[in-house]
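Subject: Handing over the model

Hi,

Here is the structure I promised to pass on to you. My notes on it follow below.

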Amino acid sequence: MKSNIKRSYGQHPIKPFKDIAFWALLKTLWPYLLIHKARVVIAMLCLVGAIGVSVAMPWALKGLVDALDNDMGKALVIPLGFVLLYGGMRFGSVFLDELRDSVFSRVTESAMRKVGLEVFAHLHRLELDFHLSRQTGGISRDIDRGTNGINFMMRFMVFNILPTLVQLGIIIVILLWAFNIWFSLITLACVVSYIVFSVITTEWRTGFVKEANRLDSQSSTRAIDSLLNYETVKYFNNEAFETEQYNVNLQAWEQARVNNRLSLALLNSGQALIIGVGLTALMYLAAQGVVDGTMTLGDLVMVNAYLLQLFIPLGALGFIYREIRRAMSDVENMFDLLKRQPAVLDVVQAPALQVTQAAVEFVKVDFAYQPERPILKNLSFKVAPGHKVAIVGPSGSGKSTIGRLLFRFYDVQSGRILIDQQPVDQVQQLSLRQQIGVVPQDTVLFNDTIWNNIAYGRPDASDEEVWQAIEMAHLRAFIGSLPKGVETLVGERGLKVSGGEKQRIAIARVLLKNPPILLFDEATSALDSVAERSILQALAEIAKQRTTLVIAHRLSTIVDADDILVIDQGELVEQGTHQQLLAAQGHYARLWYMQQQQD
Ligand SMILES: Nc1ncnc2c1ncn2[C@@H]1O[C@H](COP(=O)(O)OP(=O)(O)OP(=O)(O)O)[C@@H](O)[C@H]1O
Ligand SMILES: [Mg+2]
């Protein structure tokens, strides 16, 4: 058994109630309610109306019973008025509830949409590092849960807990006013013990629920990860191992669900017992009253109706209490995401980058992803306007990092990066990124058509321009060979086209973007020599009027560069043209002869 493979999948736990900043949460949500003031007011009126109607209903019932009771033995006339009143009220209370829900749903749905949108936009503002460290799928689950949590909180707090409490108050007052104090006391004691029991038991049950949820999301994340790695699983013949792992997770989940169900049974039975005892006591009192002649039959029916009315919403209390807690915790997790400050920010009133010549300069740049491990050390170089500069060096020496810094995915620890004498960290990020076209080392495509992936470079480009980019990236023949042509779907992350085709699509879309500064990070590494040569020719044409940075392993592709930087462990160790570097007989020359030999 390959049990030494341990993959871990984190997720947010449900926070304890005391840790939830309840009022802060309400304050955050409040503005979303205020957007639709009229709707909120109408919904509240419906709510008040519904409470009024449902509180009056048992009175109508009492009237009906008493009328019948008094008529006993005499000519039996149906007290039609009470019957109609009772029926009308029942319809009225349900209708008002429905009206309230339909009026209010616009409020909750739009709050869900607005918050979801805000989080989405915010996620795109957050720095690259955040996105590299996050857990796949975890964030989208957070947003999903958070927005649903908002919906739940708004609807249940306002329309379930609040009215139940109000109704409770009114009923107790009515009982107090109509009968002796015992009715109110018993009802109150019953409701209080019911609530206390529900909260305590729910609190205890949360452990089981949490465990079941955790195992649920663990087993599904595990299953998804396993399916995403379909090829890897096959390469290493680990189907049985994956299935076994999944089964282990599922078994734990099964047990947690069973525990969860048992604890629910306990909760429900306990609640039923409290209600039963309370009802028995009250009915006994009422029956006694009828026997003594202090109460009518109608009174007894009314007491019973009130109690049922009270206990039905209370029955859901355990569930609602738990769900509200969960909802609050989810909403808070989502808002935490919103509160997260992007690490790379525009300075206040940053001007737009003005590119006239597209000169690039690195001045004594020090950079580290983590403070303990410096990546670039005191790096200085210049790219003159319109020049092509190549960066070469061993794997892991920091070449791609240079590109990421120029694009300002990260801020440097010290030193400056300038474009036409303007520091990249002093201008608007958007304006900076508009001026730079990047073909990254690992191109990832959207799961969309080839056409849309290319047109993404400049969505407002004309069809002709897109075709031109396709031509320049030498994609025409490939596209011509596809039955569906440019409408072919490239599959998830572009996995249904070859590595070289993917690179050419990436090149085409950068050509379409057509910025004054270009950065190619191993942009032709996956191409065969013939395709590479013709693309390089096309690129050389384009690069003539542009400032170009090329990162390459194959030195033959960069012999024509105006300047070549040799980087080793984040330091600039050599610099010059191809001829100069060969003459210097250093790193570059050694690498060159080695590659020549291989060829
Ligand atoms: N986000 C990151 N967090 C921490 N370390 C990183 C991160 N990205 C890269 N590194 C490390 O920084 C170093 C330089 O990475 P970089 O991608 O710049 O190398 P490279 O020169 O482009 O290598 P290659 O030729 O293999 O593409 C590597 O050792 C890498 O492990
Ligand atoms: Mg790299």
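**The shell around ligand 1**

Ligand 1 is surrounded by 13 residues, and the closest of them are Y369, S395, K399, S400 and T401; a residue is counted here if its C-beta atom, placed from the backbone, lies within 6 Å of the molecule. Before going further, please keep in mind that this is a predicted model, in which local features need pLDDT of at least 70 and side-chain atom pairs count only at pLDDT 80 or more, while totals for chains, interfaces and linings use all residues. Residues are numbered from 1 along each chain as its sequence is written, and chains are lettered from A and ligands numbered from 1 in the order in which they are written.

Three elements each supply at least two residues of this shell: α4 (128–133), β1 (360–370) and α11 (399–406). The most comes from α11, which gives three residues. Helices (H or I, at least four residues) and strands (E, at least two) are DSSP runs, numbered from the N terminus. By residue type, the shell has three nonpolar, eight polar and two charged members. In that split, Ala, Val, Leu, Ile, Met, Phe, Trp, Tyr, Cys and Pro count as nonpolar, Asp, Glu, Lys and Arg as charged, and the others, Gly among them, as polar.

**The chain as a whole**

There are 19 helices and 10 strands in the chain. Its radius of gyration is 36 Å, well over the 25 Å that the globule rule gives for 599 residues, so the chain is more spread out than a compact globule. (The radius is taken over C-alpha atoms, and the rule is 2.2 Å times the number of residues to the power 0.38.) Along the principal axes, the C-alpha atoms fill a box of roughly 125 × 60 × 55 Å.

The domain assignment, which is automatic or from a database, gives domain 1 (21–178), domain 2 (347–435 + 517–599) and domain 3 (444–514). Between the C-alpha centres of domain 1 and domain 3 there are 51 Å.

**The six-stranded sheet**

Six strands form an open sheet with mixed pairing, in the order β6-β7-β8-β3-β9-β10; two strands pair if DSSP finds at least two bridges between them. β6 (436–439) and β10 (571–576) are at the edges with a single partner strand each, so one side of each has no neighbour in the sheet.

Let me start with β3 (residues 388–392), where five of its five residues are buried, meaning that 20 or more other C-beta atoms lie within 10 Å of a residue's own (12 or fewer is exposed, in between is partly exposed; C-beta atoms are placed from the backbone). K388, A390 and V392 point one way from β3, and V389 and I391 the other way. β3 runs parallel to β8, joined by four bridges, with A390 opposite V550. β3 also pairs with β9 in the parallel sense over four bridges, and there I391 has L565 as its bridge partner.

At one edge, β6 and β7 (residues 517–521) pair in the parallel sense over four bridges, with G437 opposite L518. At the other edge, five bridges join β9 (residues 563–568) to β10, and these two run antiparallel.

One last residue: R554 sits in the loop between β8 (547–551) and β9. R554 is partly exposed, with 14 other C-beta atoms within 10 Å.

Best wishes
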